[in-house]
Amino acid sequence: MEQSVISQSLPADVIALVPMRNVVLFPHVLMPITVGRVRSIATIEHALQSNTPVGIVLQKDAAVDEPGLEALCRTGTIANIVRHVTSADKTHHVICQGVQRFQIEELIDGYPFIAARIKRLKESAEVSTQAEALALQLRERAIEILSLLPGVPAELAHSLQATRAPSDLADITASLLDTEVSEKQMLLETIGTEERLQKVLHILSRRIEVLRLSQEISERTKEQMEDRERKFLLREQLKAIQKELGEDGENDQEIAQLEETISKAGMPGDIEAQTRKELQRLQRMPGASSEYSMLHTYLEWMTELPWRLPEETPIDLDGARRILEADHFGLERIKQRIIEFLAVQKLKPHGRAPILCFVGPPGVGKTSLGQSIARALQRPFVRVSLGGVHDEAEMRGHRRTYVGAMPGNIVQGLRKAGARNCVMMLDEIDKMSASIQGDPAAALLEILDPEQNSTFRDNYLGVPFDLSRVIFIATANVIDNVSPPVRDRMEIIDLPGYTQEEKLQIALRYLMQRQSEANGLREEQCTLTPAALESIVANYTREAGVRQFEREIGRVMRHAALRIAEGQQQQVRIDAADLDAILGPEKFEHELALHTDLPGVATGLAWTPVGGDILFIEATRIHGSGRLILTGQLGDVMKESAQAALTLVKARASDLNIPPALFDGIDVHLHVPAGAIPKDGPSAGVAMFIALASLFTNRPVRHDVAMTGEISLRGLVLPVGGIKEKILAAQRAGIQTVLLPARNEKDLRDVPEATRTAMQFILLESADDAVQAALNQDSSHVQTAGFKLV
């Protein structure tokens with residue numbers, strides 16, 4: 001049946017089409033085409049059996065396998081099949097000769113090939129004087145461009161000379177153009193002879209300019225190559241003359257030193273053999289060559305790296321404990337983990353040590369912990385700062401293909417440490433970012449993987465280097481910014497913020513002495529009373545670490561140094577009352593007293609990358625249509641928590657003794673101050689519920705209570721994270737009671753004992769527990785439906 005359809009004749013105005021992906025056929029042009037699609041093969045077979053022409057038409061989108069009418073250009077070329085060959089892979093190779101332009105009017109269904117009703121486009125037989133002039137100019141330009149192209153057969157130029165009809169000349173020249181297929185289709189769609197000649201002439205002129213410029217560049221390059229060969233010959237002659245004069249040993253001393261250092265470097269055999277091969281290349285190079293200096297620098301790097309493993313020093317665990325106690329106050333759990341880490345190193349020196357990652361706010365002692373580990377192990381310590389690194393080459397090194405190439409940060413750190421078993425701190429690992437130069441975090445995967453880093457290959461060195469004996473320690477402020485594959489290779493150790501008592505002890509043990517020495521004071525010349533230090537912590541700083549605290553102590557020390565230097569006093573004693581004159585007015589105050597008796601205000605607890613903080617949830621009512629207005633740069637999760645809290649208040653209206661009429665004709669406005677700071681997360685749900693319950697019951701929230709927890713529509717209080725940081729923030733702000741989800745009770749073990757003793761914690765199972773604990777029990781101010789709206 002299919003064979004009969006293929007062989008049947010078509011109406012005179014219907015033709016079988018061959019859609020082409022990137023080929024445009026012009027009339028009067030012979031062109032080979034390759035056909036592989038089933039419907040296109042059917043077109044060829046029909047044309048061969050019925051001895052009829054085919055229609056060659058361009059697809060608009062080359063990716064479409066079964067083009068319809070919209071996917072085909074409307075103008076194509078009727079072509080006769082001159083020759084047909086089928087290859088072994090069933091691909092049909094056809095040589096077609098263009099005959100005439102046509103335009104597709106519609107596609108005809110019912111054939112195994114694409115058939116279309118067409119309109120033949122006839123060209124005017126009259127040739128104007130303008131067309132003849134353009135054809136003459138086009139012929140000259142076409143012959144000129146053939147002279148610029150290498151390997152063009154002479155018959156092509158004779159063919160152009162023999163073509164007299166301007167229309168035929170334009171089509172033949174257009175088919176020879178090396179231009180975009182869209183431009184060729186545009187020329188095919190141009191029916192007017194004069195207009196087509198002008199367009200072909202314009203494209204041809206542009207190609208001639210490009211070819212001329214390319215020829216000039218080629219000639220200039222050839223001249224440069226000849227000049228380079230001439231200079232090389234002259235250098236060889238100069239070397240021969242210098243050898244005759246006995247002046248050829250200027251680099252022998254450097255070569256000898258490099259050979260000696262290679263022998264002493266302790267490289268593995270295969271690496272040493274490759275390095276000596278590079279040294280032999282250096283010997284053959286002239287000293288004035290730019291490559292000489294590059295290769296000399298590379299060999300210096302190879303000889304200065306710590307290839308040999310130094311002798312291991314026994315680990316003294318008691319000494320390590322003394323070092324940690326001397327360098328750090330508190331952090332008992334972290335110190336215990338470090339001692340365990342050192343104990344494993346002592347029992348199995350050649351084992352694969354876990355990679356520790358200290359995560360915490362700035363100023364809590366992450367970097368100094370790494371230095372203490374290095375001191376306890378008696379190994380060199382080197383710090384590699386990764387903050388702002390956005391190029392993979394900064395980790396793996398640059399390839400030695402250009403001047404200025406250098407190894408990556410890891411190899412540079414090893415050279416600086418001078419030992420293959422050093423303690424290397426990868427600082428600010430969460431501050432790396434990917435860019436068009438690659439992702440440096442991807443390079444860290446090999447560096448931090450004990451299975452792979454024994455054969456770490458730096459692009460600059462070009463040889464494997466064993467990193468398995470390096471103890472890597474990473475630091476980060478926010479572990480969420482570290483990619484999951486990198487995070488998977490590390491053991492995360494959280495370092496929360498310090499309590500007020502811990503900061504006071506840190507100041508007395510470390511900061512006072514350090515700032516006295518930094519400002520040229522002896523210990524007895526300046527004394528800060530404990531009350532003064534407590535006032536600085538409470539009123540002049542609000543941070544998880546102690547950096548700002550140390551800066552404020554430094555300001556006090558500088559004031560004392562000025563008074564002593566001017567001879568006013570020999571000893572200065574600073575009390576809390578003196579701080580206002582030295583540091584200015586207090587920078588932080590407890591805002592809780594400002595909201596003591598205001599219904600609709602609750603104190604929440606938040607986690608930030610630099611520790612915990614408190615935030616206030618303010619709610620009020622205005623005349624409206626029942627909307628919930630949210631302000632304060634709240635994120636999507638926090639907005640959903642506010643909506644859930646309002647819905648829960650309405651659902652519990654009868655339990656809270658709220659008349660239903662209170663919700664009619666009003667808008668509720670919920671605001672979280674510090675509007676310039678974005679806020680998000682579910683942990684403010686309880687605080688929002690309490691603020692709204694306080695607003696509608698007219699019962700103020702206790703001013704000494706702060707709360708955290710996620711709220712559900714069933715009234716359940718769900719657990720949240722960052723409990724320790726939030727509790728420490730509440731203590732800094734003077735909060736006495738903290739409301740927590742009951743399922744977060746386990747997290748209280750991480751809170752310092754002094755803080756647990758000083759504060760009261762109420763565990764919440766449901767929203768009713770929160771109302772009972774947070775709202776004042778005096779209900780004499782419950783409003784009725786006639787309350788005055790703001």
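**Loops, helix packing and buried sites in a predicted model**

Glutamine 633 lies in the loop that runs between β18 (628-631) and α22 (636-651); helices (H or I, at least four residues) and strands (E, at least two) are DSSP runs, numbered from the N terminus. The model is a predicted one, in which local features need pLDDT of at least 70 and side-chain atom pairs count only at pLDDT 80 or more, while totals for chains, interfaces and linings use all residues. Residues are numbered from 1 along each chain as its sequence is written, and side-chain values use heavy atoms, with hydrogens and water left out.

Although not a glycine, glutamine 633 has a positive phi of about 55 degrees. With a relative accessible area of 43%, glutamine 633 is partly exposed (buried means under 20% relative accessible area, exposed over 50%, and partly exposed in between, for a 1.4 Å probe and protein chains only). Histidine 28 offers another case of a positive phi in a residue that is not a glycine, here of about 70 degrees. This histidine 28 is found in the loop between β1 (14-20) and β2 (30-35), and it counts as partly exposed at 36% relative accessibility.

We can turn next to the helices, beginning with α8 and α9. The axes of helix α8 (residues 252-264) and α9 come within 11 Å and cross at roughly 180 degrees. Axes here are lines fitted to C-alpha atoms, for helices over the stretch in contact, and angles run from 0 to 180 degrees between N-to-C directions. The two helices α8 and α9 are therefore roughly antiparallel (angles under 35 degrees count as roughly parallel, over 145 as roughly antiparallel, 65 to 115 as roughly perpendicular and the rest as oblique). On the α8 side, the contact is made by Ile255, Leu258, Glu259, Ile262 and Ser263, and on the α9 side by Glu272, Thr275, Arg276, Leu279, Leu282 and Gln283; contact means heavy atoms within 4.5 Å.

Helix α9 (residues 269-284) also packs with helix α10 (residues 290-304), their axes coming within 10 Å and crossing at roughly 155 degrees. That angle makes α9 roughly antiparallel to α10. The crossing in which α9 passes α10 is left-handed, meaning that the near helix is turned anticlockwise from the far one by less than a right angle, with clockwise giving a right-handed crossing. From α9, Ile271, Thr275, Glu278, Leu279, Arg281 and Leu282 take part, and they meet Glu291, Tyr292, Leu295, His296, Tyr298, Leu299 and Met302 of α10.

The pair α11 and α12 has axes 10 Å apart, at an angle of about 150 degrees. These two helices, α11 and α12, are therefore roughly antiparallel as well, and their crossing is right-handed. The contact joins Leu317, Ala320, Arg321, Leu324 and Glu325 of α11 to Glu332, Lys335, Ile338, Ile339, Leu342, Ala343 and Lys346 of α12.

Helix α11 (residues 317-327) deserves a further look: Leu317, Gly319, Ala320, Ile323 and Leu324 are buried there. They sit on the same side of α11 because they cover an arc of only 155 degrees around the axis, the arc being that of the directions from the helix axis to the C-beta atoms. The cover over these buried residues includes α12 (332-347) and α13 (366-377). At the N-terminal end of α11, aspartate 316 acts as a cap, with a side-chain oxygen 3.3 Å from the backbone nitrogen of aspartate 318. Such a polar contact is a pair of N or O atoms within 3.5 Å; within protein, one must be able to donate a hydrogen and the other to accept it, and residues adjacent in sequence count only if both atoms are side-chain atoms.

Helix α5 (residues 166-176) is mostly covered, with 9 of its 11 residues buried. Among them are Pro166, Leu169, Asp171 and Ile172.

Two individual buried residues complete the picture. Threonine 75 lies in strand β4 (residues 75-86) and counts as buried at 9% relative accessibility. Its C-alpha is 6.5 Å from that of isoleucine 104, which is 29 residues away in sequence. Leaving aside residues up to four places away in sequence, threonine 75 touches Val57, Phe102, Leu121, Gln185, Leu188 and Glu189.

Tyrosine 540, in helix α19 (residues 530-540), is buried with a relative accessible area of 2%. A polar atom of the tyrosine 540 side chain lies 2.7 Å from the backbone oxygen of glycine 584. The C-alpha atoms of tyrosine 540 and glutamate 586 are separated by 5.7 Å, across 46 residues along the chain. Beyond four places away in sequence, the residues touched by tyrosine 540 include Ser535, Glu552, Leu579, Leu583, Pro585 and Phe588.
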